[in-house]
Amino acid sequence: MASKLSPFLSFLLFSFLSARVLATIYEDPTRKTMEEFSGYPTETHSPFLSLSSSSLSVDMEGLQKQIDELSTFSDSPAPSVTRVLYSEKDVLARRYIKGLMDQVGLAVREDAVGNIFGRWDGSEIGLPAVATGSHIDAIPFSGKYDGVVGVLGALEAIKVLKRSGFQPRRPLEVIMFTSEEPTRFGISCLGSRLLAGSEVLANSLREAVDGQDISFFDAAKFAGYNIHPEDLPNVFLKNGSYFGFLELHIEQGPILEEEGVPIGIVSAIAAPASIKVEFEGNGGHAGAVLMPVRNDAGLAAAELALAVEKHVIESGSMDTVGTVGILELHPGAINSIPSKAHLEIDTRDIDEKRRNGVIEKIHQTAIKISTNRRVKLSEFKIINQDPPALSEKLIIDTIEIAAQQLNLGHKRMISRAYHDSLFMARISPIGMIFIPCYKGYSHKPEEYASMEDIANGVKVLALTLAKLSLA
């Protein structure tokens, strides 16, 4: 008996000390002052993490079944998934998630735009919760793991802790964010932006319509959210509403799989800036108008597209990226010189100043091209220019300790895709856990993560949540 208990007790002691270290670092300065003044502790709670690595058992079969079931709420045939904000399939998927939260024993609520929260109360009243979660909406013809792993995996992490007999000190909360993808209204991370208090977004939603000219509020009403513009500020959360926020996610890149590392610990999230550009020239017959006298808007757009690549590379950093994702020509006939060209450019970096410097160079180049090619630069508009986010060091360290305790290889890395964590960072310390995905594929039907890798991520998430809840 003693030989079996020894490693278990060692694990408990390590966890206890880890939690105490976190508690010391996160310590309320007011309470600390009171303790120093009185000479007595103002808190009698003694955290006791009743977990061992062997007790963190993931129901892999059940979790895979849930991932598969959720993927059936789709407007495109399997293996692809299409689940757009406030669509019929989105409504059914939301109902499914709320049902799972209820089965886990969480207290479920929704806000005005459909962010869904499932809370497990802690042993001490009034402490800010430790939250985790992601999204379940899916762009057209994508896969079934993006975001979903972070929601269903979070629910499984809570079940892992409950099965082990663990009792949190701080509340634990699972969040399903509304519309991380920009598919319907062109707004990414809609739910988490609003939670972070974006008044700009709240105002812009008054005029937002989709491709079918359906307003945001009419779409929400179809999904059962009868909201009005004046209701949106009620979604806003105050800074400090959460003690910390973690997001489990597939990497959406090939690094972890190629290096054989099961866990990625995200140190920073690169933020995107989006730019719309319009050139206007003179159209004409492709054979009759001679080259020296052309005012070709299409060639202006092509030259700017190459300049985006040039300026990004010249930044000197692998963390700077740029993409011309949309290039449209008018009238779009093979025998007609383009009279108009429309580009949409995405630039990203973890260094905001460097990214903004690239944007300025792109702008100056667009002006120069318009002059040299005798076309009009009718629009150069920065649609959004979000700041990047850094993960909280203490959360990074806690994830790392959890991975070490579970004997899982890990590495620190940045996220070049944006996530809801980017906006949660405005109101809470954040951290992210990445797991490998097949060839780095994402946003396509071939997107895949093995259940072994998902289970590893769930275990690290569960242990990290447990440690932070005791701090």
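**Note on helix α11 and model confidence**

1. In this predicted model, the mean pLDDT of the chain is 90 and 89% of its residues reach 70 or more; pLDDT is the predictor's confidence in each residue, from 0 to 100. Local features need pLDDT of at least 70 and side-chain atom pairs 80 or more, while totals for chains, interfaces and linings use all residues. Residues are numbered from 1 along each chain as its sequence is written, and side-chain values use heavy atoms, without hydrogens or water.

2. Two segments have pLDDT under 50 throughout: residues 1-13, with eleven contacts (heavy atoms within 4.5 Å) beyond four places in sequence, and residues 21-49, with 41 such contacts. Where pLDDT is low, the predicted coordinates should not be read in detail.

3. Helix α11 covers residues 352-372; helices are DSSP runs of H or I, at least four residues, and strands are runs of E, at least two, numbered from the N terminus. Its 21 residues should span 30 Å at 1.5 Å a residue, which agrees with end C-alpha atoms 30 Å apart; the expected span is 1.5 Å times one less than the number of residues.

4. Buried residues of α11 (under 20% relative accessible area, 1.4 Å probe, protein chains only) are Arg355, Val358, Ile359, Ile362, Thr365, Ala366, Ile369 and Ser370. Seen down the axis, they fall within an arc of 135°, so they line one face of the helix; the arc is taken from the directions from the axis to the C-beta atoms. Their cover includes β9 (271-280), α10 (297-314), β13 (340-349) and β14 (376-385).

5. Lys353, Lys368, Thr371 and Asn372 are exposed (over 50%) on the other side of α11.
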